[in-house]
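The following exercises are to be worked through with the sequence and the model at hand. Each task is followed by a solution in steps.

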Amino acid sequence: MVDLGSNSVRLVVFEGRGRNPQAVFNEKAVLGLGRGLQATGRLNEEAIGAALTVLARYHAVARAMQAEPLEVLATAAVRDASNGPDFVAALQARMPGVPIRILAGEREAELSADGVLLGFPQAEGILGDLGGGSLEVVRLEEGRAARTASLPLGVIRLGERAGGDVVRARAIANEELGAVPWLAEGAGRDLYLVGGAWRALARMHIAQTGYPLAIVHHYVLRREEARDLAGVVMAASRRTLERMPGAPQKRLGDLPFAAVAMRRLLRATGAARVVFSANGLREGWYAGLLPPEIRQRDPLLAAARDLALAWGRDPGLPPALLAWTDPVFAGQEGGFRILREAACWISDIGSHDHPEYRAEQAFLRVLRQHGTGLDHHARAFLALVAALRYEAEPNAPYMAPTRVLLDVPTMRRAEALGAALRLAYTLSGGTPALLAGTTLRRDGGRLVLRLAEGTGVFAGDSVLRRVEALAATLGLEAVVVMEGG
């Protein structure tokens, strides 16, 4: 699909129809099609020719890649400009047969919400999607869009309305946001931010703080952190912005107005946290292509299964591992059970890697995987479990991000689960048939491993070492029992 915005135009080609959108091609051109719209009411004449050339290329690329369906979604600049219809007619001549949809503000907001909900299925709070021409806001309630509004506060339009003055921009944003009273329902909840200018602010914060994971999606700032970031950017000169780590050179002029919109939206909502989303309108369009049964799947488990199918050996083993570990971790359910199930799915993804690098490869593959439903905590937890399952050294340098992203109790839980999976693979060789000849459960202060004779499993030195190591992480005494066949 082509996202035709006020500032940039982008072609995204998604692969397949899985629960987690997988973009295999993503190309953007910053054209400023909406610059000057506030004063002239027209699309930027200097950008129209370049836009038509770029879109003709995108049409050729999409056809060469056999991308179906192909659509163009045009947003604020095209829908508001007096020469928008002429531009669309010229574009249609260069992209024959391709639907060109000019989105109303409310529809743009709905698609943005659908995209965010792919990554945050139970989102509760306010969503803001900042483009060049407009700001779409959505009230999210228990994973659905309850209210929507479109405001003329895109970074280009806000800057032009304010004459480039940040102080005036603050007053304009306050007035526009004040006309949406339900924004106050976000008090104490999350504020989900979508849009390239806001993602740029997140990347700057990541670079400046030395945060260990350069992934904007699911990046979280406390309210005061977000206010401070916005305040610094609003007050900075262009020369100062140029020197800031992570500042995108092509967006420098827009950053102060993106900061104004973020800070004013924080004030209007009373949100407790800012949560950045890489998903938005494009992923919302993609979500509309998914069958309901796929869209309703848990995105974390879907991502883990995708990894298992791509890199593991036996897709029948993860469900067996989940059942096998149930008695050990009884009472630790809720969110941990989903993480444990995901860990079972990704526990064999290093099987085809070089033995010397399996732990590191598995760790990095999980930590940096594509998956819209994985927050940074889940990435770190699952990556740590995968590495420990392959007997990683606890202080290996590549595992340093986990020590920042996870607290000590969570790391201990990951260590126990990693030790349990390591024992399971030692016993079974990665096969459900051999695992079925064993059981593992707590019995008071003991951890009891039972092995059935005649099934190909026995208590060798490696098994004894690993059951003792697991028992030690759980504060239990290890006991191994052979039962007659």
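**Exercise 1.** Locate Pro 69 among the secondary-structure elements and describe the peptide bond that precedes this residue.

*Solution.* Step 1: in this predicted model, Pro 69 belongs to the loop that runs between α2 (45-64) and β4 (72-74). Step 2: the bond joining Glu 68 to Pro 69 is a cis peptide bond, with omega about -5°. Step 3: Gln 66 is also placed in the loop between α2 and β4. Although Gln 66 is not a glycine, its phi is positive, about 55°.

**Exercise 2.** State how the chain is divided into domains, and describe the contact between domain 1 and domain 2.

*Solution.* Step 1: the domain assignment gives domain 1 (2-103), domain 2 (105-284) and domain 3 (298-483). Step 2: the centres of domain 1 and domain 2, taken over C-alpha atoms, are 23 Å apart. Step 3: to the contact, domain 1 gives 21 residues and domain 2 gives 23 residues. Step 4: interface size is often expressed as the accessible area that is lost when the parts come together. Between domain 1 and domain 2, about 1800 Å² is buried, and 53% of this lies on carbon and sulfur atoms. Step 5: on the side of domain 1, the residues that lose the most area to domain 2 are Arg 19, Gln 38 and Leu 103, which together make up 27% of what that side buries.

**Exercise 3.** Determine which polar and charged interactions link domain 1 and domain 2, and which elements of domain 1 take part in the interface.

*Solution.* Step 1: five salt bridges are counted between domain 1 and domain 2. Step 2: nine residue pairs are in polar contact across this interface. Step 3: at least two residues each come from β2 (8-14), β3 (23-30), α1 (37-40) and α3 (76-80) on the side of domain 1 that touches domain 2. Step 4: sorted by class, that side has eight nonpolar, six polar and seven charged residues.

**Exercise 4.** How many salt bridges does the whole structure hold, and what does the one between Asp 114 and Arg 295 tie together?

*Solution.* Step 1: side chains of opposite charge can pair when their charged atoms come close. A search of the whole structure yields 33 salt bridges. Step 2: in the pair Asp 114 and Arg 295, the closest N and O atoms are 3.3 Å apart. Step 3: Asp 114 is in helix α5 (residues 105-119) and Arg 295 is in helix α13 (residues 292-295), so this salt bridge ties together parts 181 residues apart in sequence. Step 4: a further salt bridge joins the side chains of Glu 136 and Arg 79, at 3.6 Å from N to O.

Terms used. Residues numbered from 1 in each chain as written. Predicted model: local features only at pLDDT ≥ 70, side-chain atom pairs only at ≥ 80, totals over all residues. Heavy atoms only, no water. Domains from an automatic or database assignment. Contact = heavy atoms within 4.5 Å. Buried area = accessible area lost by both parts, 1.4 Å probe. Salt bridge = Lys/Arg side-chain N within 4 Å of Asp/Glu carboxyl O. Polar contact = N/O pair within 3.5 Å; in protein donor to acceptor, adjacent residues only side chain to side chain. Helix = DSSP H or I, 4+ residues; strand = E, 2+ residues; numbered from the N terminus. Nonpolar A, V, L, I, M, F, W, Y, C, P; charged D, E, K, R; others polar.
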